[in-house]
Amino acid sequence: MERERTAPVPTRRRLLKGAALATVPYTLLSGTRAAAQVRAVDYPSAEWLPASTSNYSRSSRPTAYPVDFVVVHVTQETYADTLSIFRDPEKQVSAHYVVRSSDGHVAQCVRETDIAWHAGNWDYNTRSIGIEHEGWVDRPEYFTNAMYEQSARLTAAICTAYGIPKDRTHIIAHHEVPGSDHTDPGPFWDWTRYIRLVNFA
């Protein structure tokens, strides 16, 4: 005669093993989320400090729009205040990147696939990456070696990624955007040096 099979009695050890196995998928999922957050930046050296979603348009560039330009800006604010402005949903402004004066540290605020509101011209917004540089147009001491070098590396990477020529026709000043009433980056921005650095980066 066959004996009836009974379910094994759960021991403390079995319960602990089961609990440990149950946490494995969650741990893996958490690790995946952490990795996704690290990959949120398009430029590996950047720190992800996102703008308010009220301050840019979601898109799927370069599928939706080609990326043809890099627009160079100067913040007329400190680095910290610029990031604060981009986080404020009432401000209706953003840029893809902000470069700090003191050490060239790069923050990414808007994904490159999305449209930052930086140029004051919708057509140019859709087709460009905007880079803000901490400083003021009439204070050249803010345009440090570190800022020029790190910004040039960033611009070179963007140009390479989208096939943008590394020249003054495609790397433009904010004041060169049609309809712009801005003057940045101003008369003290060294374009010759900057374009040379972009091409040697």
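Trainee: How do the elements of the protein run from the N terminus on?

Mentor: The order is α-β-β-β-α-β-β-β-α-β-α-β-α, and that makes five helices and eight strands. Keep in mind that this is a predicted model.

Trainee: How do you know which strands form the open sheet, and in what order?

Mentor: Two strands count as paired if there are at least two bridges between them. On that footing, six strands make up an open sheet, ordered β1-β5-β4-β7-β3-β8, with mixed pairing.

Trainee: What makes β1 and β8 edge strands?

Mentor: Each has a single partner strand, so one side of β1 (47–48) and one side of β8 have no neighbour in the sheet.

Trainee: How do you know that β7 pairs with β3 and with β4?

Mentor: Pairing needs at least two bridges. β3 and β7 have six bridges, in the parallel sense, and β4 and β7 are joined by three, also parallel. Both pairs therefore pass the cut-off of at least two. For landmarks, valine 72 stands opposite isoleucine 131 in β7, and valine 99 is opposite histidine 133 in β7.

Trainee: Why is β7 called mostly covered?

Mentor: Buried means under 20% relative accessible area, and six of the six residues in β7 are buried.

Trainee: What about the two faces of β7: which residues are on each?

Mentor: Side chains in a regular strand alternate between the two faces of the sheet. In β7, one side has Ser128, Gly130 and Glu132, while Ile129, Ile131 and His133 are on the other. These residues are all buried, so both faces count as covered.

Trainee: Zooming out, how much of the protein is buried?

Mentor: Buried residues make up 40% of the 201 residues. As for contacts, among those between residues at least 6 apart in sequence, 73% join residues at least 24 apart.

Trainee: What makes a set of residues a nonpolar core?

Mentor: They have to be buried residues of the listed nonpolar kinds, joined through side-chain atoms within 4.5 Å. The largest such set here has 31 residues, and those with the most contacts inside it are Tyr97, Leu154, Ile158, Ile171, Trp189, Trp191 and Tyr194. At least two residues each come from β3, β4 (97–99), β7 (128–133), α4 (145–162), β8 (171–173) and α5 (191–200). α4 gives the most, with seven residues. In soluble globular proteins, nonpolar side chains tend to be buried together.

Trainee: Which residues does leucine 154 touch?

Mentor: Leaving out residues up to four places away in sequence, leucine 154 touches Tyr43, Tyr97, Val99, Val106 and Ile131. Each of those contacts means heavy atoms within 4.5 Å. A second, separate core has 11 residues, including Tyr56, Val98, Ala107 and Val110.

Trainee: Now the largest pocket. How much space lies in it, and which residues are closest to its centre?

Mentor: The space is about 250 Å³. Of the 16 lining residues, Val74, Thr75, Gln76, Glu132 and His182 are the closest to the centre. β3 (69–74) and α2 (79–87) are the elements that give two or more residues to the lining, and α2 gives the most, with three.

Trainee: How does that lining split by class?

Mentor: There are five nonpolar, eight polar and three charged residues. Gly is counted among the polar ones in this scheme.

Trainee: What makes the backbone at glutamine 76 and glutamine 92 worth a look?

Mentor: Most residues other than glycine have a negative phi. Glutamine 76 has phi near 60°, and for glutamine 92 phi is about 55°; both values are positive, and neither residue is a glycine. Glutamine 76 is in the loop between β3 and α2, whereas glutamine 92 is in the loop between α2 and β4.

Trainee: Why are these two glutamines called partly exposed?

Mentor: The class runs between 20% and 50% relative accessible area. Glutamine 76 has 35%, so it is partly exposed. Glutamine 92 has 43%, so the label fits there as well.

Trainee: Which peptide bonds are cis, one before proline 62 and one before proline 185?

Mentor: The bond from arginine 61 to proline 62 is cis, with omega near 5°, and so is the bond between aspartate 184 and proline 185, with omega about 10°. Most peptide bonds are trans. Proline 62 is in the loop between β2 (56–57) and β3, and proline 185 is in the loop between β8 and α5.

Definitions and conventions
Residues numbered from 1 in each chain as written. Predicted model: local features only at pLDDT ≥ 70, side-chain atom pairs only at ≥ 80, totals over all residues. Heavy atoms only, no water. 1 Å grid on protein atoms, 1.4 Å probe; cavity = no way out; pocket = protein on both sides within 12 Å on 5 of 7 lines; lining within 4 Å. Points joined across faces, edges and corners; volume = space filled by probe spheres on them. Helix = DSSP H or I, 4+ residues; strand = E, 2+ residues; numbered from the N terminus. Buried < 20%, exposed > 50% of the residue type's maximum accessible area, 1.4 Å probe, protein only.
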